[in-house]
Structures are given as C-alpha cells and as structure tokens.
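Me: Please take one part of this model and go through it closely. I want one helix: what it packs against, and what its residues look like.

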Amino acid sequence: MIYLLQPQAYLGLTFNWGALLGWSAIQGSLDPAVVLPLYFSGVCWTLVYDNIYAHQDKEDDLRVGVKSTALRIGSHTRHWITGFGIACVSSLGLSGYNAELAWPYYVSLTAAAGQLGWQIWTVDLSNRRLFVSNKWFGAIVFSGILLGKLAS
C-alpha cells in the first residue's frame, strides 16, 4: 500500500509524527487509544490534500520520474480520496471519543466532515483552490478539540 501511494504516503507518515510528539510533550506519555487514531487521521488527511495537489504537478512528475499518486491512481483519485477522507474523520471521531472530548468536538467534527466532503465533491484536480481550503478543515478540527476539551 505504501508503495502505491508514495511519495504522498511518506509525507503523511513523517509530517504527522508531530501529533505523537506533541501529545507526549504535553501529557508526559503516550495514550495509544488517543494518539494512534489521531496520527492515522492525520496521515489520511495528508493523503487527501496531497493527492489533490499532486495532480497539479503530474506533468513535471512524468518528466523527472517521480512516482506520485496522481500518476498511479489517475482517474480513480476521487474514489481514493473519499476513502481517505472517511478514514480521517472516523479516526478523529475515535480519537475524540477515547480522549473523552465533549459534544462540541463532535459538532465541529461534523462541520469538518462537511467541509472535507465538499472538497471531494467539487474537486477540480487542476485547481489549487481546493488544496488551499484545507486550512479550514484543520481550523474546524482544532476548534472542535479546543471546545470539546473546555466543555468536558
């Protein structure tokens, strides 16, 4: 699976390592029931947004020999990113449940799922606008974590 999705998978695996480091820095230990779904959700989110972005570089990837997912999954991209989006939101739900976050988290997670679903539904793989809109997904999830923690 990693081979199929490189280099986007490697980006997701390394970029989201910060979730594990941040949790352990603040908590002093790792709670696998919380951080592993959180880490997995981050990897899946990266696979969503970086697959959208990878399509903008696929001509260059062909020229230099990069084996990006845009080239590997091509016309099936919407199906793949839908699966990654579902896995992302589901894992965020599990992580929030295991962290005992209160109801505002789930309201925000529903909004974030709607925003991510909108991205996938309206994706134009040659338009950078949707890639940039991922900041809103992250902001909604962060707000939910903060509000869910404050309300618990």
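Reply: What follows starts with the ground rules and then works outward from the chosen helix.

This is a predicted model, and residues are numbered from 1 along each chain as its sequence is written. Local features need pLDDT of at least 70, side-chain atom pairs count only at pLDDT 80 or more, totals for chains, interfaces and linings use all residues, and side-chain values use heavy atoms, with hydrogens and water left out.

The part is helix 8, residues 103–122. Helices here are DSSP runs of H or I with at least four residues, numbered from the N terminus.

Take helix 7 as the first partner. The axes of helix 7 and helix 8 come within 10 Å and cross at roughly 175°. Axes are lines fitted to C-alpha atoms over the stretch in contact, and angles run from 0 to 180 degrees between N-to-C directions. That crossing makes the two helices roughly antiparallel, a label for angles over 145 degrees. Contact means heavy atoms within 4.5 Å. On the helix 7 side, the contact takes in Arg78, Ile81, Thr82, Gly85, Val89, Leu92, Gly93, Gly96 and Tyr97. Helix 8 answers with Tyr105, Tyr106, Leu109, Ala113, Leu116, Ile120, Trp121 and Thr122. The residues of this contact divide into 11 nonpolar, 5 polar and 1 charged. In that count, Ala, Val, Leu, Ile, Met, Phe, Trp, Tyr, Cys and Pro are nonpolar, Asp, Glu, Lys and Arg are charged, and the others, Gly among them, are polar.

Leu109 sits in helix 8. It is buried, at 9% relative accessibility. Buried is under 20% relative accessible area, exposed is over 50%, and partly exposed lies in between (1.4 Å probe, protein chains only). Setting aside residues up to four places away in sequence, Leu109 touches Val89, Leu92 and Gly93. Those three belong to helix 7. Gly22 is 87 residues from Leu109 along the chain, and their C-alpha atoms are 21 Å apart.

The loop between helix 7 and helix 8 holds Glu100. Its phi is near 60°, a positive value in a residue other than glycine. Glu100 is exposed, at 63% relative accessible area.

Now helix 10. Helix 8 and helix 10 pack at about 170°, with axes 7 Å apart. They are therefore roughly antiparallel to each other. Helix 8 contributes Pro104, Tyr105, Ser108, Ala111, Ala112, Ala113, Gln115, Leu116 and Gln119. From helix 10 come residues including Trp136, Phe137, Ile140, Val141, Ile145 and Leu147. This contact has 13 nonpolar, 7 polar and no charged residues.

Gly117 is also in helix 8. It is partly exposed, at 33%. Ser152 lies 35 residues from Gly117 along the chain, with 28 Å between their C-alpha atoms.

Both partners also line the largest pocket: helix 7 (77–98) and helix 10 (134–151) each give it two or more residues, as do helix 3 (17–27) and helix 4 (32–54). On a 1 Å grid over the protein atoms alone, a pocket is an open set of points where a 1.4 Å probe fits, with protein on both sides within 12 Å along at least five of seven lines; lining residues have an atom within 4 Å of a point. The volume is about 800 Å³, the space filled by probe spheres set on points joined across faces, edges and corners. Helix 10 supplies the largest share of the lining, 7 residues. The lining has 28 residues, with Ala19, Trp23, Leu38, Ser95 and Ile145 nearest the centre. By class it has 17 nonpolar, 9 polar and 2 charged residues.

Conventions. Angles under 35 degrees count as roughly parallel, over 145 as roughly antiparallel, 65 to 115 as roughly perpendicular and the rest as oblique.
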